[in-house]
Amino acid sequence: AGQGSALVLTDGQMDVLVSLLQSSVTDSDHHNATFALVREILTTKFLSPGLYDMMDQVLCLTVQSQKDSVRQLSRQIFVQFIVDYPLEKKKLEQLLKRVVENTQYEHEDGRHSAIVLAAAGGK
């Protein structure tokens, strides 16, 4: 592919990429590269069970990560997902309920992150 041209992946290739990213999403040593790829996948509106699983992991990171930078990137990606993705009403309600539940997280940094995420999702 030449400069400026997009790489187009098949659904099977996207499934493999999502699967690889799922195992990388919690690896804080490579979170910038991983989250950049996750963002690109979200721009394609690719749907798969693995993508939903990965977004569950991203939601967990919004409160559970020890690093503020990871919590922040996770929030941005999760908001992109719930705002831009074609989610069924029931799935969206489940995700937003989890966001609200996270405001009760045991650690203050996590609770703060959940409140920021809830505010961003409500815009």
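In this predicted model, helix α4 passes α5 in a left-handed crossing. The two helices pack with their axes 11 Å apart, at an angle of about 150°. Because angles over 145 degrees count as roughly antiparallel, α4 and α5 are assigned to that class. Their contact is formed by Phe78, Phe81 and Ile82 of α4, which meet Leu92, Leu95, Leu96 and Val99 of α5. By class, the residues of this contact comprise 7 nonpolar, no polar and no charged.

The other face to consider is that between α3 and α4. Here too the crossing is left-handed; the axes come within 8 Å and cross at roughly 140°. The pair α3 and α4 is therefore oblique. From α3, the residues Leu51, Tyr52, Met55, Val58, Leu59, Leu61, Thr62 and Val63 take part, and they meet Val70, Arg71, Ser74, Arg75, Ile77, Phe78 and Phe81 of α4. This contact has 11 nonpolar, 2 polar and 2 charged residues.

Several of these residues reappear in the largest nonpolar core, which has 28 residues. Those that touch the most other members are Val38, Ile41, Leu42, Leu51, Met55, Phe78 and Phe81. At least two core residues come from each of α1 (11-24), α2 (31-44), α3 (49-64), α4 (68-84) and α5 (89-101), and α4 gives the most, with 7 residues. Nonpolar side chains in soluble globular proteins tend to be buried together.

Val38 illustrates the connections within the model. Leaving aside residues up to four places away in sequence, Val38 touches Leu21, Val25, Met54, Met55 and Ile77.

How values were computed:
Residues numbered from 1 in each chain as written. Predicted model: local features only at pLDDT ≥ 70, side-chain atom pairs only at ≥ 80, totals over all residues. Heavy atoms only, no water. Core = buried A, V, L, I, M, F, W, Y, C linked by side-chain atoms within 4.5 Å. Buried < 20%, exposed > 50% of the residue type's maximum accessible area, 1.4 Å probe, protein only. Helix = DSSP H or I, 4+ residues; strand = E, 2+ residues; numbered from the N terminus. Contact = heavy atoms within 4.5 Å. Axes fitted to C-alpha atoms, helices over the stretch in contact; angles between N-to-C directions. Parallel < 35°, antiparallel > 145°, perpendicular 65-115°, else oblique. Left-handed = near helix turned anticlockwise from the far one by under 90°. Nonpolar A, V, L, I, M, F, W, Y, C, P; charged D, E, K, R; others polar.
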